[in-house]
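Subject: Structure for you to look at

Hello,

I am passing on the structure we spoke about. Please open it alongside this message.

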Amino acid sequence: MDEFKCISGHEALALMEQGATIADIRDPDSFAQNHITNAVQLNNENLQDFIRDSDMDKPLIVCCYHGFSSQNAAAQLAHVGFDAVYSLNGGFEAWQAEHPDKCSR
């Protein structure tokens with residue numbers, strides 16, 4: 001699959017409940033301050049390890065600040081072989097507004 005799908009927070013929550021991986025591409029400081037519970041902070045330094053260690057058959061949700069940068073990252077991750085890749089519409093800002101109980105500091 002060389003494609004990804006943009007999804008809402010509600011769709012992301014349903015995928016998370018089924019075991020989807022969440023990759024947060026925001027900067028390390030923003031991630032440390034608050035992030036989606038169980039998200040992995042993904043950056044250029046750990047990208048190759050993430051790809052090597054991930055189950056590419058498992059759904060992957062990519063999250064950024066507002067839902068724009070995650071689209072490029074999602075396309076790249078789909079291109080390297082992840083089967084089901086999603087970009088979170090509205091990014092972490094929308095997620096935090098909709099699901100504050102599903103965030104970790």
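Below are notes on the nonpolar cores and on the largest pocket.

Please keep in mind that this is a predicted model.

Nonpolar cores

The largest nonpolar core has 18 residues, and the members that touch the most others are Ile36, Ile61, Leu88 and Trp95. Two or more residues each come from helix H1 (9-17), strand E5 (60-63), strand E6 (85-88) and helix H5 (91-98). Of these, H1 is the main contributor to this core, with 4 residues.

Ile36 is a useful place to start looking. Apart from neighbours within four places in sequence, Ile36 is in contact with Met16, Ile22, Cys63, Leu88, Phe92, Trp95, Lys102 and Cys103. Two of the partners in that list, Leu88 and Trp95, are also named with Ile36 among the residues that touch the most other core members.

There is also a second core, separate from the one above, with 12 residues, including Ala23, Leu42, Phe50 and Ile51. As background, nonpolar side chains in soluble globular proteins tend to be buried together.

Largest pocket

The volume of the largest pocket is about 200 Å³. Its lining is made up of Ile25, Leu42, Asn43, Asn44, Leu47, Ile51, Ala73, Gln76, Leu77 and Val80. Helix H3 (47-53) and helix H4 (69-79) are the elements that each supply two or more of the lining residues. H4 gives the most, with 3 residues.

What classes of residue line the largest pocket? There are 7 nonpolar and 3 polar residues in the lining, and no charged ones. Leu42 and Ile51 belong to this lining and also to the second core.

Regards

Key:
Residues numbered from 1 in each chain as written. Predicted model: local features only at pLDDT ≥ 70, side-chain atom pairs only at ≥ 80, totals over all residues. Heavy atoms only, no water. Core = buried A, V, L, I, M, F, W, Y, C linked by side-chain atoms within 4.5 Å. Buried < 20%, exposed > 50% of the residue type's maximum accessible area, 1.4 Å probe, protein only. Contact = heavy atoms within 4.5 Å. 1 Å grid on protein atoms, 1.4 Å probe; cavity = no way out; pocket = protein on both sides within 12 Å on 5 of 7 lines; lining within 4 Å. Points joined across faces, edges and corners; volume = space filled by probe spheres on them. Nonpolar A, V, L, I, M, F, W, Y, C, P; charged D, E, K, R; others polar.
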